[in-house]
Amino acid sequence: FWMPYKELGRASNLDGALNNISLTLSPGAAEDAVIAAVDRVLTPYGGRGAFGRESHPSHTRVRDEIRVLQGLSIGFPLVFLSVAAFMTNSVMNRQITLQREQIAMLKACGFSRGQVGWHYFKFSLVIVVVGSTLGVLGGVALGHRLVEMYHLFFRFPQLNFILATNVVLFAVLVSAVAAFAGVWGAVRAAVRLPPAEAMRPEPPANFRISLIERAGWGKTFSVSLRMAFRNIERRPMRAVLTCIALALATGILIVPSALRDGIDYVLDYQWDLIQRQTVFVSLIEPGPLRALADFQHLPGVILAEPVRSAPVELRAGPRKRRIGLIGLKADGTLNRIIDANEHQLTLPPRGLVLSSKLAEVLEVQPGDMINVQVLDGNRTSLQLPVAALSQDFAGTAAFLEFGELNRLLAEGDRITGAYLSVAAGEWPRFLRELKETPRVASVVIKNGIRASFRKTTAESIGLIQKIYMAFAVVVAFGIVYNSARISLSERQRELATLRVIGFTRREVAAILVSELGILTLLALPLGLVVGSGCSTAVIQSGNTEFVGL
């Protein structure tokens, strides 16, 4: 929460004091020169060093989030627009097939190719207008929901959804291009159709036995199924496009489920395998090691392990990062350091253990030397080797053995906090006693954070899952319906002939259903591959300094 600067200073008996300064630079000012000047002024007063907005954690977090959204805003529309182009092409092909005679009459009566083509392009224009209108309305509703979701995570003071006119125009333009691209092939076939040929019904496809029959497996299938295989092979391109479209619909459903499973894994890894404490308690300022005994004597405390942290700047060549260097016991059990094989690492007596993400950012590996500039106290500057890398999904982190960090800081055995394991039955008494403990700055309850994170994440993933489910159902229904309608319209005489020669309604229906069933079965494995690839791409786009994946 926020309070006016002067009132807070008076309330804390620190009128005129400050602990942060924010600067806005004039146009053309050199950021590095300003930072150097600010450091010269503030260092004698305990300043920890100025840094630009690009290095600010909040800016980095929002920038990474925007980068993820940009990736999603390109990838998924490509999927849906590809399906839209295919479906529009299928609809127009069916329309033209059913209106062959009308096309012939128009051209025989003097209508030009351009007039006939424009007539059918107007069909796609209606689709674009209606679809774009519904899409904009749906996009506005989803945009408001997306903003509400970001309020859950970031809690911006103000974040409103604004409908940008240029974005709407661009979306309509791209949708129109996708629809017209799908229509072009069908319209081109319509305008090139000679009147004399168009007056006749479309000739049936040449009979050819299927690959399954040529392989000698024909007798193992029913007559209806064999006819379905033959029809698929007669129009291979349509079958391939139908499979791809159905695979995309399948893949869409995998992404939110993969996200949910991935988040569950990260939560279990981070808060069960690594962080096994009940609560983390931090002090207002570093205190003596004997303060750990005070925490150990609180009601219900089973185990207490000290923590020493210090703000530092790690520099490897031109790359640098400001983080809190964490000092832990070499073989601590409450906050463990885990390697890529999920084995606990023992902190070496000298040397840094970096998270894999921090090592990636600094472009270092075990054995490399890193310059460590302490930003507090005596501001020690030293060179330390990278001893090992840890697997930590919390992003960037650096660890040093507890005693070694205190030795380097030259402040004696001091702690800045403690990890505590508390018996469940003593939890209320523990909290009451902890509230009376002096010099405690903050208390981080693991289960509370975990429950809050699960709640906000469940809401966001639930929303994404509903959206993707709706899209997948619409896409799959549209593809299957159009394929069935097209197949029925193209094979009316053939199916009627089968009824005349004795085929039952069930056998005739089985021909159409079997064809769609075969294409669906072929599409499912491809959909799993597509969904896995999309999930990998989405997860990798979320690989940032705050979430190391």
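Hi everyone. Before we start, one definition: two strands pair when DSSP finds at least two bridges between them. Keep that in mind as we go, and remember that this is a predicted model.

With that in hand, let's look at strands S5 and S6. They form a hairpin, with six residues between the two strands. In the turn sits Gly377, whose phi is positive, at about 65°. S5 covers residues 369–374, S6 covers residues 381–390, and the two run antiparallel, joined by five bridges.

S5 has another partner too. Strand S2, residues 301–316, pairs with S5 in the antiparallel sense over four bridges. A nice residue to click on is Gln373: its bridge partner in S6 is Ser381, and Gln373 is itself the partner in S5 of Glu313.

Now, which side chains of S5 are buried? Ile370, Val372 and Val374, which point to one face. Met369, Asn371 and Gln373 point to the other face and are not buried. In a regular strand, side chains alternate between the two faces of the sheet.

Let's zoom out. The protein has 17 helices and nine strands. Its radius of gyration is 33 Å, well over the 24 Å that the globule rule gives for 549 residues, so the protein is more spread out than a compact globule. The C-alpha atoms fill a box of roughly 100 × 60 × 45 Å along the principal axes, and 37% of the residues count as buried.

On contacts, take those between residues at least 6 apart in sequence: 76% of them join residues at least 24 apart. And for the electrostatics fans, the mean positions of the 57 positive and 43 negative charges are 11 Å apart. Thanks, everyone!

Note on methods: Residues numbered from 1 in each chain as written. Predicted model: local features only at pLDDT ≥ 70, side-chain atom pairs only at ≥ 80, totals over all residues. Heavy atoms only, no water. Buried < 20%, exposed > 50% of the residue type's maximum accessible area, 1.4 Å probe, protein only. Rg over C-alpha atoms; globule rule 2.2 N^0.38 Å. Contact = heavy atoms within 4.5 Å. Lys, Arg positive; Asp, Glu negative; His and termini not counted. Charge placed at Lys NZ, Arg CZ, Asp CG, Glu CD.
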